[in-house]
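Q: Please take a close look at one part of this structure, the disulfide bonding, and continue from there into the neighbouring helices. A connected account would be preferred to a list.

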Amino acid sequence: MTPALAQAVTVVPVSTPEEAGMVDIRTLVPEIQQDIRYAGSNNFTGRPVPGYEAEKCYLLAPAAQALAKVDAQLRTEGYALQLFDCYRPAQSVHSFVEWANDPREQSRKALQYPGLDKPQLLGGYIAETSGHSRGATVDLGLLQCSGDTCTALDMGTDFDYFGPSANTDAADITLTQYQNRQILLKAMEREGFTNYPQEWWHFTLTPEPSPTTAYDVPVR
């Protein structure tokens, strides 16, 4: 779900995302498609995640501006972005670790981590800190659009599938699935985003605007 951090990060107390210099992506791209999974129950924990009180995507202004450019360019090519997660409060990350350490909750195992036991998710997939909390990382998919109708493209796995098939260059996906991932990858790279190779959906603006600063204000 996120690579471990290589440097110390300070959680800065702020009252609103705006105080942290973050913006709601829909102030830049009102029509951008959102499926913010952690605000509901359609995620690997099977419940709304603490810290998510609204289906909104906040990002630091430079990341939001770059993402708006990605979506605009893709729309000229008949595609669009679908956002799954953006800024993630530190408390939400902590709740993921607590979930991973709870052997009783296994409701989404068959869907999202069929080949792994929960303790195996810690480290490689679920870390104690997340780049999402720094406001320049985004999880997203790709839509194909015709007129006003957009449909999700087949990316080979769902968002937050824990296993090798989610690797961006996975060997066990079809040519079409690989090509769809490449369209997304190249579109994001053009605007300065770097992919986390273990997860086709995970991108971070590089260099990060605030690599040592994280936040815990709820998404609301």
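A: A disulfide is taken here as a pair of cysteine sulfur atoms within 2.5 Å. The model is a predicted one, and by this rule the count comes to two disulfides. Counted along the chain, the bonded cysteines follow the pattern 1-2, 3-4.

Cys 57 and Cys 86 make up one of these pairs, with their sulfur atoms 2.0 Å apart. About the S-S bond of Cys 57 and Cys 86 the torsion is about -95°, so this disulfide is left-handed. The pair joins distant parts of the chain, the two cysteines being 29 residues apart. Cys 57 belongs to the loop between strand E3 (33–34) and strand E4 (58–60), whereas Cys 86 belongs to the loop between strand E5 (79–85) and helix H2 (90–100). Both Cys 57 and Cys 86 are buried.

The other pair is Cys 145 and Cys 150, whose sulfur atoms are likewise placed 2.0 Å apart. The link of Cys 145 and Cys 150 is right-handed, with 110° about the S-S bond. Cys 150 has 28% relative accessibility and therefore counts as partly exposed, given that the partly exposed class runs between 20% and 50%.

Attention may now turn to the helices. Helix H1 spans residues 61–76. The 16 residues of H1 reach 23 Å from the first C-alpha to the last, close to the 22 Å expected at 1.5 Å a residue. Buried positions in H1 are Ala 63, Ala 64, Ala 66, Leu 67, Ala 68, Val 70, Asp 71 and Leu 74. After H1 comes Gly 78, which has a positive phi near 90°.

Helix H2, which bounds the loop that holds Cys 86, is mostly covered, eight of its 11 residues being buried. The buried residues of H2 are Ala 90, Ser 92, Val 93, Ser 95, Phe 96, Val 97, Trp 99 and Ala 100. Strand E1 (10–11) is included in what covers them.

Ser 92 merits separate mention within H2. With a relative accessible area of 0%, Ser 92 is buried, because the term applies to values under 20%. Leaving aside residues up to four places away in sequence, Ser 92 touches Val 49, Pro 50, Gly 51 and Tyr 52.

In summary, the left-handed disulfide of Cys 57 and Cys 86 has both of its cysteines buried, while the right-handed link of Cys 145 and Cys 150 includes a partly exposed residue, Cys 150.

Definitions and conventions:
Residues are numbered from 1 along each chain as its sequence is written. This is a predicted model: local features need pLDDT of at least 70, side-chain atom pairs count only at pLDDT 80 or more; totals for chains, interfaces and linings use all residues. Side-chain values use heavy atoms; hydrogens and water are left out. Helices (H or I, at least four residues) and strands (E, at least two) are DSSP runs, numbered from the N terminus. The expected span of a helix is 1.5 Å times one less than its number of residues. Buried means under 20% relative accessible area, exposed over 50%, partly exposed in between (1.4 Å probe, protein chains only). Contact means heavy atoms within 4.5 Å.
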